[in-house]
Every structure is written in structure tokens, then in C-alpha cells.
Amino acid sequence: MLNEVIITRGILDAYFKKLTDHLKVDVAIVGGGPSGLVAGHDLAKAGKKVALFESKLSIGGGIWGGGMGFNEIVVQEASRPLVEEFGLHPAEYEKGYFTLDSVHTAATLIARAMDAGLAIFNLIAMEDVVIRNERVAGLVLNWGAIQKLEWHIDPLTIHSRFVLDATGHPANVAATLVRKMNVKLNTSTGGIVGEKSMAADAGELQTVENTREVYPGLVVSGMAANAVYGGYRMGPVFGGMLLSGRKAATILLERLGS
Ligand code: 48F
């Protein structure tokens, strides 16, 4: 006969073991969209201790909804090797344009990243960063729902050697750092330059170019990179996001000394 208390204890013990194992990590990723998932996959595969925190229930960010809710996305030739490496099934639509089912893409990226060793914590939001010796050194975390309700409940904290801001359009980690610490970022203005309007080709190249360490200890990827450095948006073409995640992992592995 199934015992409800054993079920409850199993969940609590397994969850708190997972969380306790990730109170000190090499890289803490904020945001479970395409760039964060690819970065998490590559870092975990390279043997790094890496945890991803996503404020919402579902992981996958902007992938699920395709374009305007039509659940297909497009990737371009440049990202095809990465797409195939992950076991996705690109269908050529016109020369150089490939469609992917967005639900299969999100599910596959999540599964591959977790199989590589990425720990994912959904429902948990970054509300602030830890500062040590004038560098970002961890995350201040609270339940995503508590953040939304604006309840006055103190957060908990983890330490990380690096943080990756993969929060998409709002670049929430970099924005929080600038708002609270009044620091100078390594951007043209020293602040968050702001995302530009739609120009898919330029935006796709820029999201990879702009994937950089924007402040000691803080790397930005995906749309957050374009928001911070002033790149264009590109809509539901996702190759740049995937390649940005890969570049973020390469930068982080170099900085971690691998
Ligand atoms: O926006 P998102 O998918 O990130 P991305 O990797 O990809 C962008 C594309 O989806 C799309 C696009 C492609 O052309 O432009 O927009 O840059 O995912 C960002 C995730 O971060 C979460 C948010 O819920 C989303 O799932 N997030 C944002 N702020 C926080 C957060 C926070 N403070 N704490 C935790 N998660």
C-alpha cells in the first residue's frame, strides 16, 4: 500500500539534497531559455558544477511559443551543426532556412542539458547578486511566485565563481547590478545600452558578438547580451541564441581555467 508520508519525504529529501549540492557552483545560470540551456549543457558536459535558476514553472523561455504562438521556430545554416548535435530535426524550408517544432526543441534542449549534468531549479528567481571583491560572486534567490506577489520574505543565497545572465530581453541580472551597485559595465555607455528594434540578420550576428563578460564575474548571453550592448532583436529565428549559449560556455570555461 502506498504511503503518502513516504512520497512526501522522498520529494523533500531528493529536492533538498539537489539544492544543498548546488549552494556553491562554478557557474550559476539565470534563465532557462535557449542560450542558458546550451551554455548549461556545454559547461556540465565539460565537468563543471552548474545550476540553472528559472523563475517560471516551465523551462524553455521563448522557445515554446514559436512565432506568435505558432509552435515552429526557424534556425539558419550557421547553427545547423549544433542543432543536429543536440538531436533536433531541422526541416529545410528554403535554402539556408530550417524549421523546427518548438515543443520538441524545448523538450530536447532541456533533456540533453540535464543528461549532461545540468541541475535545473524552476520556480526560483534571481532577485539580487552577491558582490565579493568588486565582482559578481553569487545569486540571491527567492521563489518566483513570492517575487511576483511582492511579499516581504527574505531570500536565500548561493555562491558561484561566475554568473550567466540568460534572462532574455530584460537582462535582469545586469539590470539589477547596475540599479543597485551603480557600477560601470564594459559597454559603450558604461550602462545598459538597450535593445534595438527588429533586424534579424544583424541581431543574430550581434547576439553572438555581444556574448561577453560584461562585469567581473558576470557573462551575458542571448537577448540579454543584445539588450546590454545595444543589439537588434530578431524574433523567432533561434540559431544565434543557441550559438550564443555555446560561446558563453567557451568564455566561462576559459575563465574557469579549463
Ligand atoms: O527569453 P529567453 O528565451 O532567453 P534567451 O536565451 O532567448 C531569447 C529567445 O527566446 C527569444 C528571441 C529569439 O530570437 O528573441 O526571445 O535570450 O528566456 C529567458 C528566461 O529567463 C527567465 C524567464 O522567465 C525566461 O524563461 N528569467 C527572467 N528573469 C529571471 C528569470 C529571474 N530574475 N530569475 C530567474 N529567471
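Here are some friendly notes on helix packing, cores and a few individual residues in this predicted model.

1. **Helix α2 against helix α9.** A good place to start is the pair formed by α2, residues 34-45, and α9, residues 239-256, whose axes lie 7 Å apart at an angle of about 40°. That angle makes α2 oblique to α9. The crossing of α2 past α9 is right-handed. On the α2 side the contact uses Pro34, Ser35, Val38, Ala39, His41, Asp42 and Leu43, and these meet Met241, Leu242, Ser244, Gly245, Arg246, Ala248, Ala249, Leu252 and Leu253 of α9. Sorted by class, the residues of this contact are 10 nonpolar, 4 polar and 2 charged.

2. **Helix α7 against helix α9.** Helix α9 also packs with α7: the two axes come within 8 Å and cross at roughly 10°. With an angle under 35 degrees, α7 and α9 are therefore roughly parallel to each other. Glu204, Thr207, Val208 and Glu209 of α7 make this contact with Gly239, Gly240, Met241, Leu243, Ser244 and Lys247 of α9. Its make-up is 3 nonpolar, 4 polar and 3 charged residues.

3. **Helix α7 against helix α8.** For α7 and α8, the axes again come within 8 Å, but here they cross at roughly 95°. This makes α7 roughly perpendicular to α8. The residues involved are Gly203, Gln206 and Thr207 from α7, together with Gly222, Met223, Ala225 and Asn226 from α8. You will find 2 nonpolar, 5 polar and no charged residues in this contact.

4. **What is buried in α7 and α8.** In α7, which spans residues 200-209, the buried residues are Gly203, Glu204, Gln206 and Thr207. Their cover includes β3 (72-76), α8 (222-229), β13 (232-233) and α9. As for α8, 8 of its 8 residues are buried, so this helix is largely enclosed by the rest of the structure. The buried set in α8 runs through Gly222, Met223, Ala224, Ala225, Asn226, Ala227, Val228 and Tyr229. Just after α8 comes Gly230, with a positive phi of about 85°.

5. **The nonpolar cores.** The largest nonpolar core has 41 residues, and the members touching the most other members are Val27, Ile29, Leu37, Leu43, Leu109, Leu118 and Leu164. Helix α9 supplies the largest share of this core, with 8 residues. There is also a second, separate core of 31 residues, which includes Val129, Val163, Leu177 and Val220. As background, nonpolar side chains tend to be buried together in soluble globular proteins.

6. **Leu164.** Leu164 is one of those well-connected members of the largest core, and its contact list is worth a look. Setting aside neighbours within four places in sequence, Leu164 is in contact with Val27, Ala28, Ile29, Val30, Ala39, Val219, Val220, Ser221, Ala248 and Leu252. Within that list, Ala39 belongs to α2 and Ala248 and Leu252 to α9, and these three also take part in the contact between the two helices.

7. **Leu118.** Another of the core members named above, Leu118 sits in the loop between α4 and β6 (119-122). Its relative accessible area is 3%, so Leu118 is buried. Not counting residues up to four places away in sequence, Leu118 touches Leu37, Gly40, Ala44, Val50, Ala51, Leu52 and Ala113. The C-alpha atoms of Leu118 and Lys49 are separated by 7.7 Å, although the two residues are 69 residues apart along the chain.

8. **Thr108.** This residue has its place in helix α4, residues 102-116. Thr108 counts as buried because its relative accessibility is 7%, against a cut-off of under 20%. Beyond residues up to four places away in sequence, Thr108 touches Phe86, Gly87 and Leu88.

9. **Two loop residues with positive phi.** If you are checking backbone angles, look at Asn133 and Glu150. Asn133, in the loop between β7 (124-132) and β8 (135-143), has a phi near 50°, a positive value in a residue other than glycine. At 76% relative accessibility, Asn133 counts as exposed. Glu150 lies in the loop between α5 (144-149) and β9 (156-165), and its phi is near 55°, again positive in a residue other than glycine. Glu150 has 69% relative accessibility and so counts as exposed.

How values were computed:
Residues are numbered from 1 along each chain as its sequence is written. This is a predicted model: local features need pLDDT of at least 70, side-chain atom pairs count only at pLDDT 80 or more; totals for chains, interfaces and linings use all residues. Side-chain values use heavy atoms; hydrogens and water are left out. Axes are lines fitted to C-alpha atoms, for helices over the stretch in contact, and angles run from 0 to 180 degrees between N-to-C directions. Helices (H or I, at least four residues) and strands (E, at least two) are DSSP runs, numbered from the N terminus. Angles under 35 degrees count as roughly parallel, over 145 as roughly antiparallel, 65 to 115 as roughly perpendicular and the rest as oblique. A crossing is left-handed if the near helix is turned anticlockwise from the far one by less than a right angle, and right-handed if clockwise. Contact means heavy atoms within 4.5 Å. Ala, Val, Leu, Ile, Met, Phe, Trp, Tyr, Cys and Pro count as nonpolar, Asp, Glu, Lys and Arg as charged, and the others, Gly among them, as polar. Buried means under 20% relative accessible area, exposed over 50%, partly exposed in between (1.4 Å probe, protein chains only). A nonpolar core is a set of buried Ala, Val, Leu, Ile, Met, Phe, Trp, Tyr and Cys residues joined through side-chain atoms within 4.5 Å.
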